[in-house]
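Visitor: Could you walk me through this one?
Guide: Gladly; here is the structure, and after it we can talk.

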Amino acid sequence: MDMSPKEYQAYVKSKAKKSPIVKDTALAFVIGGAICVLGQAIQDGWTGAGLDKEAAGTATSCTLVFLSALLTGLNLYNKLGRFGGAGTLVPITGFANSVVSPAIDFKSEGFITGMAAKMFTVAGPVIVFGTLASVIYGVILMLVG
């Protein structure tokens, strides 16, 4: 079958499933909000356990990273992601998921050449550009202030 690129695009568009954008947006909002509510509940728990606000914030971050990594390892975070879409990209849990997922995927290639080498394939650029952005922001603040 010989098709022009324009005909092919029309064919693909006719076969593509329509995206339920309102439903997807609502689910992302609810799931992302639920993750944030869970984070607040964890922080309140740490505060109730006697930690000051700053220490409770640190403990909350560590707890959320741990829970996200654990749920990713049990393949539950991916199921939540399929259901809640972009809502699971809440920064700290989404970042932990992006580090753990490639590590699990490449564990069969060995510890060094598989897991360790591939662990930051998704998260690496985030770290690099996040660090670069913070340096630029810091320099701007230093020059202005």
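Guide: A word to begin with: a disulfide is a pair of cysteine sulfur atoms within 2.5 Å. This is a predicted model, in which local features need pLDDT of at least 70 and side-chain atom pairs count only at pLDDT 80 or more, while totals for chains, interfaces and linings use all residues. Residues are numbered from 1 along each chain as its sequence is written, and side-chain values use heavy atoms, with hydrogens and water left out.

Visitor: OK, so how many disulfides does the count come to?
Guide: The count by that rule is zero.

Visitor: Why no bond for C62?
Guide: Because the closest cysteine sulfur, that of C36, is 17 Å from the sulfur of C62, which is too far for a bond.

Visitor: And is C36 buried or exposed?
Guide: C36 falls in between, since its relative accessibility of 46% makes it partly exposed; buried means under 20% relative accessible area and exposed over 50%, with a 1.4 Å probe and protein chains only.

Visitor: Switching topic, how many helices and strands are there?
Guide: The chain has seven helices and zero strands, where helices are DSSP runs of H or I with at least four residues and strands are runs of E with at least two.

Visitor: What does the C-alpha trace span?
Guide: Along its principal axes, the trace covers about 70 × 45 × 35 Å.

Visitor: And how much of the chain is buried?
Guide: Of its 145 residues, 21% count as buried.
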